[in-house]
Amino acid sequence: MGRLYFEIMGVLDNDQLQRFVKDERKLALYFTAPGCGLSAAIRSTIYRLSQEYKDIHFLEVDIEYFSDVLDEYGVRTTPTVVFFQDGERLNAIVGPNPYRIYAENIDTIFI
């Protein structure tokens, strides 16, 4: 089976990341780390969410490239998914969770 990709941000800089947060109407930042088994375990769940919630822009953010913004986004561990709407941080889900938890959260927080 091949790897699943949505948007990988490891090559972009912090300014570009902040522009995404500011400019995207609905955004989910999926913070992950290479070698993190828990991040790998939910990757297919995040991909599925990105396919089902087309109005939300899902971005995978490798913390090795963005370690200096983790505090700004409240990221303490991986995996963490942080949700934004119109530049405002709405919520975060920390750790691996089943699809249902992410979907219920998305259905609740996004207007």
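This passage describes the sheet of a predicted model, the helices that pack on it, and one loop residue.

The core element to look at first is an open sheet of 4 strands, arranged in the order 2-1-3-4 with mixed pairing. Strand 2 (57-62) and strand 4 (88-94) stand at the edges with a single partner strand each, so one side of each has no neighbour in the sheet. On average, and with direction ignored, neighbouring strands are turned by 20° against each other. Strand 1 (residues 26-32) and strand 2 run parallel and are joined by 6 bridges. Within this pair, Ala-28 has Phe-58 of strand 2 as its bridge partner.

Helix 2 (residues 37-52) packs on this sheet, where it touches strand 1, strand 2 and strand 3 (80-85). The direction of helix 2 makes about 165° with that of strand 1. Helix 4 (residues 99-109), in turn, lies across strand 2, strand 3 and strand 4, and runs at about 165° to strand 4.

A closer look at helix 2 is worthwhile. At 1.5 Å a residue, its 16 residues should span 22 Å, and the end C-alpha atoms are 24 Å apart, which agrees. Helix 2 also bends, by about 35°, at Arg-43. Arg-43 is itself buried, as are Ser-39, Ile-42, Thr-45, Ile-46, Leu-49 and Ser-50 of this helix. The partners against which the buried residues of helix 2 pack are strand 1, strand 2, strand 3 and helix 4.

Helix 1 (residues 14-23) has Asn-14, Leu-17 and Val-21 as buried residues. Seen down the helix axis, the buried residues fall within an arc of 60°, so they line one face of helix 1. This fits a general rule: an α-helix has 3.6 residues a turn, so residues three or four places apart point the same way. Lys-22 and Asp-23, on the other side of helix 1, are exposed. The buried residues of helix 1 pack against strand 1, strand 2, helix 3 (70-73) and strand 3.

The loop between helix 1 and strand 1 holds Glu-24. With a relative accessibility of 23%, Glu-24 counts as partly exposed, because buried means under 20% and exposed means over 50%. Glu-24 is in contact with Arg-19, His-57, Asp-86 and Gly-87, leaving aside its neighbours within four places in sequence. Glu-24 and Phe-84 are 60 residues apart in sequence, yet their C-alpha atoms are 8.3 Å apart in space.

How values were computed: Residues numbered from 1 in each chain as written. Predicted model: local features only at pLDDT ≥ 70, side-chain atom pairs only at ≥ 80, totals over all residues. Heavy atoms only, no water. Pairing = 2+ DSSP bridges. Helix = DSSP H or I, 4+ residues; strand = E, 2+ residues; numbered from the N terminus. Axes fitted to C-alpha atoms, helices over the stretch in contact; angles between N-to-C directions. Contact = heavy atoms within 4.5 Å. Buried < 20%, exposed > 50% of the residue type's maximum accessible area, 1.4 Å probe, protein only. Arc of directions from axis to C-beta. Expected span 1.5 Å × (residues − 1). Bend = angle between axes of the 7 residues up to and from the residue.
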